[in-house]
Amino acid sequence: MILKNEFLEVEISEYGASIVSIMVPDKDGKKVDVVLGYDSLDKYKRQTKYIGATVGRCCGRIKDGKIKIKDKIYKLSQNEGKNHLHGGNIGFDKKFWQARKIDDSVEMFYKSADGEENYPGNLNVKVTYSLDGESVVINYSAITDKETICNLTNHSYFNLNGYGDVLNQKVQIFSNNFIENDSDLLPTGEIKSVTNTVMDFRRPKTIGKDINSDFYQVKLANGFDNNWIIKNYNGEIHRAARAFSDETGIELEVYTDLPGVQFYSGNFLDGAENGKNDMPIKNHSGFCLECQYLPYAVDYKNFTKPILKPGKLYNKTIIYKFKTK
Ligand code: BGC
């Protein structure tokens, strides 16, 4: 399904409620596809990197797949070693969503049954993609009939040149603190200051500058793969991060009403299959800025928990805004 206006052209797929492409004009007016993706459904079915997908019911890693809700322990499916990652074995990224196009929007619906991947509660989810001038606006809403966890994000890998690697592209994250990971890349719950570390993206920095640093967090992930806590978070929509390419002049701004952003520099992309236009999808071919509740929040009392109760509406927004200079 295509959404198009005078500036952007976006392709959305029912499979995984995914973004397949975002075409943005570069500084010479040439259209650049700024996200990684595939040109066949079979490749989407085979891929294991969540490229472009809606990730849920809970994005990020959960130790041993164990969560506690209302004093009851649930053992979610363990799809990454002993841990749970991005919704389990067959997460929202591997489901066909029902779609309907309304004017400038696409609405996608999925009913996640009670017990799916061992999550409690029937969860009715709607993802709406719409265009607003130079912005792709993604709204997530969900309701449940039993208390559950819900933390949905979009897993687009951006490459603002449309080819090659992203090492010369600059990223800025509006955050003073990141969450420490352990060697399984599970958050330890420790909030660390970015000051005097290579995790400081308060000023724009090329992704490649410190990607091979011997800072312990970068070493564990072979690059960047942490959650940054957005500065001055108050539940309103605010700017979380920014990225740009001097080569194409394309700039991306990410806005959200969620408290954290996972900056992941595509360290595990392995070149398994080429993407659209035969582009290799390998180490650092794209980067993600995944807005979300802080990962693994169910276990740490200092993180707002993405708990959804019956009668409450989950309603969160992520905006990708593009400019060309
Ligand atoms: C995580 C990475 C993970 C990737 C899956 C990202 O959200 O932070 O650690 O490998 O998703 O492709």
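## Around the ligand

Which residues are around the ligand? In this predicted model, they are Lys 49, Tyr 50, Arg 61, His 86, His 155, Tyr 157, Asp 225, Gln 262, Tyr 264, Phe 268 and Glu 290. If you find these residues in the structure, you can trace the shell around the ligand for yourself.

What kinds of residues make up this shell? Four are nonpolar, three are polar and four are charged.

## Contacts and cover

Let's turn to some distances between the ligand and the protein. In the side chain of His 155, an N or O atom is 2.8 Å from an oxygen atom of the ligand. Gln 262 also has a side-chain N or O atom 3.1 Å from a ligand oxygen. With Lys 49 the partner belongs to the backbone: one of its polar backbone atoms is 3.4 Å from an oxygen atom of the ligand. How much of the ligand does the protein bury? On its own the ligand exposes 320 Å², and the protein buries 95% of that.

Where does the ligand sit? Its place is the largest pocket.

## A look at Glu 247

Now let's visit another residue. Glu 247 belongs to the loop that lies between β21 (238-244) and β22 (250-256). Why does Glu 247 count as partly exposed? Its relative accessibility is 45%, and the partly exposed class runs between 20% and 50%.

You can also relate Glu 247 to Tyr 157, one of the residues around the ligand. Along the chain, Glu 247 and Tyr 157 are 90 residues apart, and 18 Å separates their C-alpha atoms.

Notes:
Residues numbered from 1 in each chain as written. Predicted model: local features only at pLDDT ≥ 70, side-chain atom pairs only at ≥ 80, totals over all residues. Heavy atoms only, no water. Near = heavy atom within 4 Å. Polar contact = N/O pair within 3.5 Å; in protein donor to acceptor, adjacent residues only side chain to side chain. Areas by Shrake-Rupley, 256 points an atom, 1.4 Å probe, with all protein chains shown as cover. 1 Å grid on protein atoms, 1.4 Å probe; cavity = no way out; pocket = protein on both sides within 12 Å on 5 of 7 lines; lining within 4 Å. Sits in = over half its atoms within 2 Å of the grid points. Nonpolar A, V, L, I, M, F, W, Y, C, P; charged D, E, K, R; others polar. Helix = DSSP H or I, 4+ residues; strand = E, 2+ residues; numbered from the N terminus. Buried < 20%, exposed > 50% of the residue type's maximum accessible area, 1.4 Å probe, protein only.
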